Each structure stands twice: as C-alpha cells, then as structure tokens.
Amino acid sequence: MTYWLGLPALAATHGAQIDSLIGWTHVFMLVLFVGWGGFFAYALVRFRRSRNPVANYTGVKSHASNYSEIAVAVVEAILLFAFSVPIWAARVDRIPPESDALVVQVTGEQFAWNVHYAGPDRVFGRTDIKLIDLQSNPLGLDRSDPAAKDDITTVNQLYLPVNKPIIVKLRSKDVIHSFNVPEFRVKQDAVPGFTIPIWFIPDITTADMRTRTGNPEFQYEIACAQLCGLGHYRMRGFVTVQSAEEFQKWMEEQSQAQAESDPFR
C-alpha cells in the first residue's frame with residue numbers, strides 16, 4: 001500500500017493502520033470520481049439541446065440518485081467508524097504508561113525544536129522563564145534543581161531507541177508549530193499554553209533505513225507542518241533511531257558531559 005500511494009518508507013508500528021485508511025479513502029474517492037464523472041458525461045449527452053429542444057418540467061422520476069447518496073453516506077460511515085475512530089482511540093485514548101516508555105519533551109520555537117530528556121532519574125527538572133537564554137539555555141532549565149542535574153537537552157536532535165514506546169510531550173514557546181515525522185506517520189500541532197502528548201513505536205533504526213533505502217545520508221526529519229513565520233522553511237530537526245544499547249550509550253555520554261559542565265556540582 002505504501003509503495004502504490006507514493007508515501008515515505010514506513011518506520012513505526014502503527015503506520016500500517018494509517019496507510020490502510022489513506023489507501024481505502026483514495027479507493028472510494030476514485031470510485032466517486034469515476035462514478036460522478038461518468039454520470040456527468042452521460043447527462044451532457046443524454047440531455048443535450050439537440051435531443052431535448054423543449055424543457056421537460058416533470059423532471060427525473062427515478063430514485064437512483066437517492067440510492068447513490070445513501071451509498072456515499074454508508075461509505076463515509078464505514079471510513080469513520082471502522083477505520084478513523086479505532087485509530088483515534090488507539091493513538092489518543094490509550095497512551096501507554098510512562099513507566100513503560102521513554103518520555104521526551106519537545107518544545108517548538110521560531111525556528112527550532114528543543115528536546116528535553118529527564119535523564120537517569122526519569123524526573124524532569126524545573127524550568128523558569130527567567131533563565132531562558134537562546135544560546136545556552138533555550139528551555140530555561142534550572143540546573144540548581146536536584147531533578148535537573150542529570151537532565152539532557154539538545155536542539156534539533158532527537159535520539160530514540162528502537163522498538164520502545166515513545167511519548168513525546170509537545171509544547172511551544174511562541175506560535176503554533178506542527179511536529180511531523182512522515183516515516184513515523186505522526187503529525188501534531190504544538191500549541192502555546194498546552195502540553196500535547198503523542199506516542200509511537202519506531203521499529204527501524206536509522207542505520208537499517210539507510211541500508212533499505214540505499215541512501216547512506218538518510219535521516220528521519222522533523223518538519224514543521226504549520227506556517228510559523230518567515231523562517232518556517234528552515235525549522236528542521238532530525239531523529240536518530242538507535243538500538244537499545246546504542247541509545248543507552250548515548251545517554252550515558254550525554255549525562256557524563258552534563259555532569260562535567262555542571263556549575264552546581
């Protein structure tokens with residue numbers, strides 16, 4: 001289905017459901033397009049002026065159009081209740097427990113993605129708007145808070161372990177942004193004043209995807225899918241999906257680097 005629809009390569013466990021919904025929607029759209037297009041062409045020929053020089057005010061007595069409208073309504077109900085509602089329930093109402101997932105806070109701003117990991121203690125440190133510095137501390141993380149001492153922050157770089165539930169808590173510092181990773185089939189607005197969770201399970205590492213695509217430079221890209229200002233076009237982030245061992249090593253390296261640079265230790 002992904003190949004025929006021209007969609008990006010799939011790299012998340014729930015993606016097949018999304019692709020199936022998109023596929024069936026296009027099938028029904030094609031049927032409607034051909035059906036209504038054919039009827040329009042028939043009507044142009046059947047009721048052309050040369051064949052009907054005098055208007056017929058009685059009109060069509062057949063109920064075929066009513067049946068067609070009912071069929072369209074039935075198809076729309078199937079798409080809604082058989083596909084869309086179950087996917088919504090699974091992706092929105094059934095977020096896995098945070099104890100079983102990696103929780104990451106991603107905060108959009110003009111024009112970057114700020115990534116915040118809780119560190120080994122799994123507790124996010126306190127942030128303070130007064131501490132925000134666009135160069136050294138874009139999230140305003142208070143390193144004097146004990147819970148923040150092992151926190152890890154990056155800009156435009158999101159590292160994830162493969163085959164593990166990921167909960168991304170989306171925020172925005174200024175305007176509406178939209179977190180979109182096509183290969184994961186996730187797209188969600190980041191709205192100022194709200195924390196919006198999304199979750200997914202990446203199932204193909206970046207290294208494996210490079211092998212599959214034959215592109216040694218391949219990267220999962222975070223694209224802002226909401227026009228957010230003059231620099232919208234350059235608001236790009238990147239996701240690196242690693243094995244569990246590689247991700248743990250990366251976390252340890254980042255924690256050690258943070259500990260060495262901590263002014264409060």
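A residue counts as buried under 20% relative accessible area, as exposed over 50%, and as partly exposed in between. Keep that scale at hand for the exercises below, and bear in mind that the model is predicted.

**Exercise 1. Place arginine 212 on the accessibility scale, and say which helix holds it.**

Step 1. Find the helix: arginine 212 belongs to H4, which covers residues 206–213.

Step 2. Apply the cut-off. The relative accessibility of arginine 212 is 61%, so this residue is exposed, given that exposed means over 50%.

Step 3. Now look along the chain. Alanine 9 is 203 residues away from arginine 212 in sequence, yet their C-alpha atoms are 9.3 Å apart.

**Exercise 2. Work out how many disulfides the model has, using cysteine 224 and cysteine 228 as your test case.**

Step 1. Recall the chemistry: a disulfide covalently joins the sulfur atoms of two cysteines.

Step 2. Set the criterion, which asks for two cysteine sulfur atoms within 2.5 Å.

Step 3. Check the distance. For cysteine 224, the nearest cysteine sulfur is that of cysteine 228, at 3.9 Å. Because a disulfide needs sulfur atoms within 2.5 Å, cysteine 224 is in no disulfide. Cysteine 228 is in none either, with the sulfur of cysteine 224 as its nearest.

Step 4. Give the total: 0 disulfides.

Step 5. Add the surroundings. Cysteine 224 is buried at 9% relative accessible area, and cysteine 228 is buried at 4%.

**Exercise 3. Classify the ring pair of tyrosine 117 and tryptophan 250, and explain what the pair ties together.**

Step 1. Start with the geometry. The ring centres are 5.4 Å apart and the planes meet at 65°. Planes over 60 degrees apart count as edge-to-face, so this pair is edge-to-face. It is one of 10 aromatic pairs in the structure.

Step 2. Locate the partners. Tyrosine 117 sits in strand S2 (residues 112–117) and tryptophan 250 in helix H5 (residues 244–261), so the pair links parts 133 residues apart in sequence.

Step 3. Check accessibility: tyrosine 117 is buried at 1%, and tryptophan 250 is buried at 9%.

Step 4. Widen the view. Tyr117 and Trp250 share one aromatic cluster with Tyr159 and Phe247.

**Exercise 4. Describe the open sheet that contains S4 and S10.**

Step 1. Order the strands: the 5 strands run S4-S10-S9-S6-S7, with mixed pairing.

Step 2. Name the edges. Strand S4 (157–161) and strand S7 (186–190) each pair on one side only.

Step 3. Note the twist: neighbouring strands are turned by 25° on average, direction ignored.

Step 4. Zoom in on one pairing. S4 and S10 (residues 236–242) are parallel, joined over 5 bridges. Proline 161 has glutamine 242 of S10 as its bridge partner.

How values were computed
Residues numbered from 1 in each chain as written. Predicted model: local features only at pLDDT ≥ 70, side-chain atom pairs only at ≥ 80, totals over all residues. Heavy atoms only, no water. Pairing = 2+ DSSP bridges. Helix = DSSP H or I, 4+ residues; strand = E, 2+ residues; numbered from the N terminus. Axes fitted to C-alpha atoms, helices over the stretch in contact; angles between N-to-C directions. Buried < 20%, exposed > 50% of the residue type's maximum accessible area, 1.4 Å probe, protein only. Phe/Tyr/Trp six-rings, centres within 6.5 Å; stacked < 30°, edge-to-face > 60°.
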